[in-house]
Amino acid sequence: MEKIIVIVGPTGSGKTKLGINIAKNINGVLINADAFQVYKEITIGTAKALKEELDNVQIYNNDCISIYDEWDIKIFQEKANEIIKEVIKQKKVPIIVGGSNLYVEALIYNYDLSAQPRDDRFEKLSNEELYQKISDIDKETAKTLQIQNRRRMIRALQILENNEAFRKKNEPLYDFLLIKPYYEKEILIEKIKKNVIKMIGNGWEEEVISLYKKDPSVINTNAFKAIGYLTIINNYLNNEKTDIALITKKTCQYAKRQITWIKNRFCNAYVSIDFEQTLEKIKTFLSN
């Protein structure tokens with residue numbers, strides 16, 4: 001079974017930085033598993049890895065499609081599998097860097113998303129009820145959905161409520177090592193606060209408002225479900241200063257949900273405290 005490395009962790013915990021450092025030491029290639037960093041037009045508010053940060057490390061599924069293009073968990077799974085095969089063929093190591101935990105789970109546990117059973121319970125629900133039901137189970141997934149896209153909401157709800165039913169009967173395609181960066185909660189919260197302020201200083205408001213001025217309907221795209229984008233637009237339309245405190249609060253809440261997911265679903269993840277020890281762990285895994 002082919003081996004892959006999977007890095008998970010809450011926003012602001014240093015997943016991408018850890019992935020880059022690992023890639024440099026094991027001839028690795030990064031595969032982005034974030035639902036929003038795929039979009040070309042939104043960069044600052046998604047904390048996307050920039051060229052200078054990557055330092056010549058190759059990354060896939062990053063800054064690669066338009067905000068008007070289709071992107072969902074099934075497309076991600078298909079593309080990630082194609083990329084992994086190609087990377088392994090090149091004798092390199094695939095490193096999945098995940099922000100969207102359901103995307104990661106669908107990939108590493110080989111969910112069968114091709115033929116989902118019909119569930120009449122969901123058909124009877126209104127769009128608002130579907131969205132609320134999804135949000136009650138997993139707010140992270142809800143934020144990636146548009147309430148008017150009924151088909152996608154039903155698909156997401158089926159996946160969330162019937163996870164085991166969507167795992168193929170055969171074994172997962174890959175042997176994977178889960179790794180998560182070490183962090184202290186209080187320090188993480190402070191880092192999130194500083195990151196939001198830094199993104200505002202780097203022109204986040206200008207990025208968002210410019211997209212809105214070019215096309216006001218951009219607020220209906222999946223990309224604008226990313227935290228902070230609609231807040232900036234609403235403040236702009238109401239002639240208010242950007243509510244940095246609100247964006248920070250939502251980001252911290254998002255990080256908390258990610259932490260809970262990882263604790264419950266990726267509980268066997270290796271905690272990377274010392275980089276050299278982490279590297280040894282990876283090399284041992286790859287050599288066995």
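A salt bridge here is a side-chain nitrogen of Lys or Arg sitting within 4 Å of a carboxyl oxygen of Asp or Glu. By that count the structure holds 6 salt bridges. Everything comes from a predicted model, where local features need pLDDT of at least 70, side-chain atom pairs count only at pLDDT 80 or more, and totals for chains, interfaces and linings use all residues. Residues are numbered from 1 along each chain as its sequence is written, and side-chain values use heavy atoms, with hydrogens and water left out.

Side chains of opposite charge can pair when their charged atoms come close. One such pair is Asp175 with Lys3, whose closest N and O atoms are 2.9 Å apart. It ties together distant parts of the chain, with Asp175 in strand β5 and Lys3 in strand β1, 172 residues apart. For the elements, helices (H or I, at least four residues) and strands (E, at least two) are DSSP runs, numbered from the N terminus. On burial, the cut-offs are under 20% relative accessible area for buried, over 50% for exposed, and partly exposed in between (1.4 Å probe, protein chains only). Asp175 comes out as partly exposed at 28% relative accessibility, while Lys3 counts as buried at 18%.

Another salt bridge joins Arg265 to Glu105, with the closest N and O atoms 3.0 Å apart. This pair also links distant parts of the chain: Arg265 belongs to helix α12 (residues 244-265) and Glu105 to helix α4, 160 residues apart. Arg265 is partly exposed, with a relative accessible area of 31%, whereas Glu105 is buried at 1% relative accessibility. Then there is Asp63 with Lys48, again with closest N and O atoms 3.0 Å apart. Here both partners sit in loops, Asp63 between β3 (59-60) and α3 (73-89) and Lys48 between β2 (28-33) and α2 (51-54), 15 residues apart. Asp63 is partly exposed at 36%; Lys48 is buried at 5%.

Back to strand β1 (residues 2-7), home of Lys3: 5 of its 6 residues are buried, so β1 is largely enclosed by the rest of the structure. Two strands count as paired if DSSP finds at least two bridges between them. β1 runs parallel to β5 (residues 174-181), with 6 bridges between the two, and Glu2 has Tyr174 of β5 as its bridge partner. β1 is also joined in parallel to β4 (residues 93-98), this time by 3 bridges, with Val6 partnered by Ile96 of β4.

As for empty space, the structure holds 2 cavities of 30 Å³ or more. A cavity is a set of points on a 1 Å grid over the protein atoms alone where a 1.4 Å probe fits but cannot get out, and lining residues have an atom within 4 Å of a point. Grid points are joined across faces, edges and corners, and a volume is the space filled by probe spheres set on the points. The largest cavity comes to about 180 Å³. Its lining takes in 14 residues, with Ile73, Leu102, Tyr103, Thr141 and Thr144 nearest the centre. Two or more lining residues come from each of α4 (101-108), α7 (139-142) and α8 (150-161), and α8 gives the most, with 4. By class, this lining splits into 6 nonpolar, 4 polar and 4 charged residues (Ala, Val, Leu, Ile, Met, Phe, Trp, Tyr, Cys and Pro are nonpolar; Asp, Glu, Lys and Arg charged; the others, Gly among them, polar).

The second largest cavity has a volume of about 40 Å³. Thr16, Leu30, Asn32, Gln37, Ala49, Ile59 and Val97 line this one, giving 4 nonpolar, 3 polar and no charged residues.

Conventions:
1 Å grid on protein atoms, 1.4 Å probe; cavity = no way out; pocket = protein on both sides within 12 Å on 5 of 7 lines; lining within 4 Å.
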